[in-house]
Amino acid sequence: MFSGKQTKPTFKSYLPPLQVSETLACEIVVNEANFVRKCIGAESCQDDLWGKLVCTNFKVSFIAHNSLPRQRFQCTHRLLGEHDIPLACVEQVVTVNDVKGKQKILGSNQKLKFNPTELILYCKDFRIIRFRFDEAGPESAKKVCLAIAHYSHPADPQLLFGFEYVGKRYHGSTGERVNGVDPGGGLQTPLFDCSSDWDREIKRTGASEWRVCTINQGYFISPSLPEFFVVPVSLADQDLKQYACCFYSQRIPLWCWNHSSGSALVRMSNISDPQQQRKVEQRISSAITKSHPLRSDVFKSDLDKNLPNIQDIQAALLKLRQICVIDSFEESEEKWLSSLESSRWMEYVRTFLRHAVEVVYMLESRHVSVILLEKEDRDLSCVISCLVQLMCDPHCRSLHSFQGLIQKEWVMAGHRFLDRCNHLKRNDKEEVVQLIASPVFLLFLDCVMWVPVFSTFLFNCPRQRAEHSRDFASSKSIHLGQDQALCFPPVWDWSQQFSLKDQTLFNNPLYVGKIATCVQNGTVKTFTHRRSKKNYSSTLRGLPSALRNGSLGPNDTLTRRNSLMLRLRSDLSQVREQQETPSERFVRDFFSRPVDLQGLLLPQLLPSHLSVWKLYFLRWVPEAQIPQGGPITAFHKLSVLTDEIEMLQNQLRQYQGAAGTPNNLHAEHSKMYFKATSTPHQSPAPPEYLSSSFPFSPVGNLCRPGILGTPLSKLLNGAKIWLSTETLANETI
């Protein structure tokens, strides 16, 4: 694609041919630079790669002359190559001229007054990627840097690649695909963009006193609410229209979920009209009370008062990035753990989990309905509502139901993905609070899909998606027919990104659904598991107030090893005298009972029970990689065991005359990525390519000092390197 007309060579090349990166049909090459060096090793350049750096309207692609030794495992992405970075994943573009001692953070439509000798890309997934232009032409190096800066943060959402991708597919439709969506593709994830999805959810949860409301069709009432949502039966449409103007952004209270006792989980924005506040609150609370079979009271949970705000969450992530990615690992383990605690990221994780448990206690034990109050109901309530449903409802724990939960509580509820994920160029004239980037979704998930082909995480609300898609179709003269807008493919259609084999990495070998069975003495039985009554969570019994809340006070200290047990033993008499709160007693009673795999699921809340998500935050760090170690080794053994059980069950069904998959087809249809051998009682050894970073590989994706090396800043030969987004923003050029 990058070569023009074939010409007769005039000289002999001693370089191997370029490994050409495949491009999509609607992908356009914007700029490129030859003879670029991608930095692989921090202390030496002998492992660096030489090739061409290409910027398209979709990604930054490095086409290497040579390649790294290819590991036997290769999880292939169908849209991205080994050295590709989607533009939506680029956080900041930093150019450096180490000869003149100059550096600059490049933004969209900015000028660059010096010729860069180095380009550093800070990515949203914690990668830091460096390119050197020592042998490249200065003008081509400058142009490719400016192109990356411009296309990674466009000023208009319609300049995002997803629009070109869907528009091109719509134009090229031959019946196989209609308007960007595979017809009859069997997509099981509910998108909650139609009333039927909400009707099914109402029936599934037994919320008989709730109904689907359609007053926001065409986004007539609120621009940030979905066209369909659920409200109490006792609230008439006329009343809702009247009350809408009293709420921030006209966001009428939204039903999330119903407990089997009849208690409801509802999310609501604050009432902006003080004169109407008491009247409207009473009317809403009365309607929710009437929906409960026992007419129980309503508990209001103010999230703005009890949880960190989005600015706090963003600040914690910046500090965590500094610790995990930028700072050297030369310091001691104790100092690193202390720095990790000072970032407050894990403290915030515990705070959200603890608050979700308190809401679960109100629904499960007190049998009262709960209203989640947040000023705009678009950030913190998304996290808590999802966590509560995961803890209470086993239906939400399957892959497709979990995806539907995110679709319902984040995408359709109007979480500001466009702003929080920082997809666009900042406009200083707009309200700062609305535009602030914050990893609220990352707080809920350990990984965010950054590929901007799909619209799921591109917009602030369904209305914005519809308006921009209509405008784009009009500007490109795309005839929509009966469709009201372009239909973007949802991110949940994993077949567009991964092969069937790679998709099996999503499957949890320990997941037990309602229809899970096991074979015992030749008889197929329902799988159940009971925990020994001796396996209590003793650490949750009446702890000191600081530890009960899942964090230490300013005067509290924990020694490095076995400190928690020593502390509990020394203060045992004092601990017993402390009184438990009702929610703490509820949690302790839960852990004292046998496990119900189809029932309630609560987390442990002490600092000793929670650890940083290493597979996300440390996946690109070579020093943190454990060859043949980490949780993946247990995952491998469990997957092999699960596959062997499935194979034996299939053989038993065949022996009994029931329908079963032939043995030669079992491996092809297995749900596990790692499979058992055909020889009984011979468990396969873990593959050599397994490491704690699996399925990611830090090789070639992160340049940082070695464990005995020097800080990254010294690699710039005197040029200054910024340590975080915060310092970058405050730096004067």
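Reader: Which residue takes a positive phi near 105° in the hairpin of β11 and β12?

Author: This is a predicted model: local features need pLDDT of at least 70, side-chain atom pairs count only at pLDDT 80 or more, and totals for chains, interfaces and linings use all residues. Residues are numbered from 1 along each chain as its sequence is written, and side-chain values use heavy atoms, with hydrogens and water left out. The hairpin has 5 residues between its strands. In it, the residue with positive phi is Gly262.

Reader: How many bridges pair β11 with β12?

Author: Strands (E, at least two residues) and helices (H or I, at least four) are DSSP runs, numbered from the N terminus. Two strands pair if DSSP finds at least two bridges between them. Asn258 has Ala264 in β12 as its bridge partner. Strand β11 (residues 254–258) and β12 pair in the antiparallel sense, and the bridges number 4.

Reader: Is β12 largely enclosed or left open, and how many of its residues are buried?

Author: Buried means under 20% relative accessible area, exposed over 50%, partly exposed in between (1.4 Å probe, protein chains only). Both faces of β12 are covered: Ala264, Val266 and Met268 are buried on one side, and Leu265, Arg267 and Ser269 on the other. Strand β12 (residues 264–269) is largely enclosed by the rest of the structure, because the buried residues number 6 of the 6.

Reader: Which residue of β14 is the bridge partner of Ser269?

Author: β12 also joins strand β14 (residues 369–374). These two run parallel, over 5 bridges. The partner of Ser269 there is Glu374.

Reader: What is the strand order of the open sheet of 4 strands?

Author: The pairing in this sheet is mixed. β13 runs parallel to β14, with 5 bridges between them. Phe299 stands opposite Val370 in β14. The order is β11-β12-β14-β13.

Reader: Which strands stand at the edges of that sheet, and why is one side of each without a neighbour?

Author: Strands of a sheet pair through backbone hydrogen bonds, either parallel or antiparallel. Each edge strand has a single partner strand, so one side is left without a neighbour in the sheet. The edge strands are β11 and β13 (298–302).

Reader: What angle does helix α10 make with β12?

Author: Helix α10 (residues 380–392) packs on the sheet, touching β11, β12 and β14. Contact means heavy atoms within 4.5 Å. Axes are lines fitted to C-alpha atoms, for helices over the stretch in contact, and angles run from 0 to 180 degrees between N-to-C directions. The angle with β12 is about 175°.

Reader: By how much are neighbouring strands of the open sheet of 8 strands turned on average?

Author: This sheet has the order β4-β3-β2-β1-β8-β7-β5-β6, with antiparallel pairing. β4 (84–86) and β6 (102–106) stand at its edges, each with a single partner strand. With direction ignored, the average turn between neighbours is 25°.

Reader: Which helix packs on this sheet?

Author: The helix touches β1 (29–38), β2, β3, β5 (90–97), β6 and β7 (118–123). Its direction makes about 125° with that of β1. The helix, residues 138–152, is α1.

Reader: Which residue of β3 is the bridge partner of Val54?

Author: Strand β2 (residues 49–56) and strand β3 (residues 59–64) pair in the antiparallel sense. They do so over 5 bridges. The partner of Val54 is Ser61.

Reader: Which residues does the UniProt annotation "binding site" cover?

Author: The annotation comes from an unreviewed UniProt entry. UniProt positions are given in the numbering used here, feature names are shortened, and annotations may be inferred rather than shown by experiment. Those covered are Asn309 and Ile310.

Reader: Are these two buried or partly exposed?

Author: Asn309 is found in the loop between α6 (303–306) and α7 (310–326). Ile310 has its place in helix α7. At 36% relative accessibility, Asn309 counts as partly exposed. At 9%, Ile310 counts as buried.

Reader: How many disulfides are there?

Author: A disulfide is a pair of cysteine sulfur atoms within 2.5 Å. The sulfur of Cys245 is 4.3 Å from the closest cysteine sulfur, in Cys246, too far for a bond. For Cys392 the closest is in Cys396, at 9.3 Å, also too far. The count comes to 0.

Reader: What share of the protein chain counts as buried?

Author: The chain has 733 residues. It holds 24 helices and 16 strands. The buried share is 51%.
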